[in-house]
Amino acid sequence: MPKFEKSVLIEAPVDAVFLFHEREDALSLLSPAFPPVRVLSRTGGIEKGARVELKIGVITWVAVHTAFERNRLFEDEQVGGPFARWRHRHEFEVAGINRTILTDRIDYELPGGALINALFGWTVRVGLRNMFSHRHQITKTICETNR
């Protein structure tokens, strides 16, 4: 199964970086302008059992949060959307006084099996690299500015 991982060092304590992700507006702050992301429905925040339904461009995406450990991690899995499988784990690690390493780990699979993943998986990796560069920069800017 294809995997994606990206980390960033943030000059802010773990609890502040985690708290940013718990903000109701975090998803809208982290979403790039294109394609447009709209929340169709939401129950809960990022804790286990929370659910969000999004419209991303013309695609509907439904995710359920499956793991939550305050100041350490949270995880969501796609239960409806474009991927055959999608699990996104957000990990927070203390990296010294007032420093945090935020790591996003994604396991995904395109519909159509191994051949489709081999032929088109690179497009997903490029998109994820761009999206998480954007997300990490936003997180870093907000968390380091609001210390």
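Q: Is His 65 buried or exposed?

A: In this predicted model, His 65 counts as buried, because its relative accessibility is 7% and buried means under 20%. You'll find His 65 in strand S4.

Q: Which residues does His 65 touch, leaving out those up to four places away in sequence?

A: Here you look for other parts of the chain that come into contact with the residue. His 65 touches Gly 45, Ile 46, Glu 47, Lys 48, Gly 49 and Ala 50, and also Phe 74, Glu 75 and Asp 76. With Ile 46 there's a polar detail too: a polar atom of the His 65 side chain lies 3.2 Å from the backbone oxygen of Ile 46.

Q: Okay, let's zoom out. How many helices and strands does the chain have?

A: The secondary structure comes to three helices and seven strands. Going along the sequence, you read β-α-α-β-β-β-β-β-β-α.

Q: What can the radius of gyration tell me about the chain?

A: You can set it against the value expected for a compact globule. For 147 residues that would be near 15 Å, and the chain has 15 Å, so the two agree. For the extent in each direction, look at the C-alpha trace, which spans about 45 × 30 × 30 Å along its principal axes.

Q: And how much of the chain is buried?

A: Of the 147 residues, 34% count as buried. You can also look at the surface itself: the accessible area comes to about 8,100 Å², and carbon and sulfur atoms account for 56% of that.

Q: What share of the contacts joins residues at least 24 apart?

A: Take the contacts between residues at least 6 apart in sequence; 46% of them join residues at least 24 apart.

Q: Why would anyone pick out a positive phi?

A: Because most residues other than glycine have a negative phi. Here, Asn 71 has a positive phi of about 65°, though it isn't a glycine. Asn 71 sits in the loop between strand S4 (59–69) and strand S5 (73–80). Asn 98 also has a positive phi, of about 55°, and isn't a glycine either. Its loop runs between strand S6 (85–94) and strand S7 (100–109).

Q: How exposed are Asn 71 and Asn 98?

A: Asn 71 is partly exposed, at 29% relative accessibility. Asn 98 counts as partly exposed as well, at 38%.

Q: How far apart are the C-alpha atoms of Leu 19 and Asn 71?

A: Sequence distance and distance in space are separate things to check. Leu 19 and Asn 71 are 52 residues apart along the chain, yet their C-alpha atoms are separated by 8.0 Å. Leu 19 belongs to helix H1 (residues 14–22), and it is exposed because its relative accessible area is 53%, with the cut-off for exposed being over 50%.

Q: What about Glu 109 and Pro 32, how far apart are they?

A: They're 77 residues apart in sequence and 22 Å apart in space, C-alpha to C-alpha. Glu 109 is in strand S7 and counts as partly exposed, at 26% relative accessibility. Beyond residues up to four places away, Glu 109 touches Met 1, Pro 2, Phe 83, Ala 84, Arg 85 and Asn 117.

Q: Which residues form a nonpolar patch on the surface?

A: Look for Leu 115, Leu 119 and Phe 120, which together have about 310 Å² of accessible area. Leu 119, one of the three, lies in helix H3 (residues 114–145). Leu 119 is partly exposed, with 46% relative accessibility.

How values were computed:
Residues are numbered from 1 along each chain as its sequence is written. This is a predicted model: local features need pLDDT of at least 70, side-chain atom pairs count only at pLDDT 80 or more; totals for chains, interfaces and linings use all residues. Side-chain values use heavy atoms; hydrogens and water are left out. Helices (H or I, at least four residues) and strands (E, at least two) are DSSP runs, numbered from the N terminus. Buried means under 20% relative accessible area, exposed over 50%, partly exposed in between (1.4 Å probe, protein chains only). Patches are made of residues with over 30% relative accessible area and no salt bridge: like charges are joined within 9 Å, nonpolar side chains (Val, Leu, Ile, Met, Phe, Trp, Tyr) within 5 Å. Accessible areas come from the Shrake-Rupley method with a 1.4 Å probe; for residues, only the protein chains shown count as cover. A salt bridge is a side-chain nitrogen of Lys or Arg within 4 Å of a carboxyl oxygen of Asp or Glu. The radius of gyration is taken over C-alpha atoms; the globule rule is 2.2 Å times the number of residues to the power 0.38. Contact means heavy atoms within 4.5 Å. A polar contact is a pair of N or O atoms within 3.5 Å; within protein, one must be able to donate a hydrogen and the other to accept it, and residues adjacent in sequence count only if both atoms are side-chain atoms.
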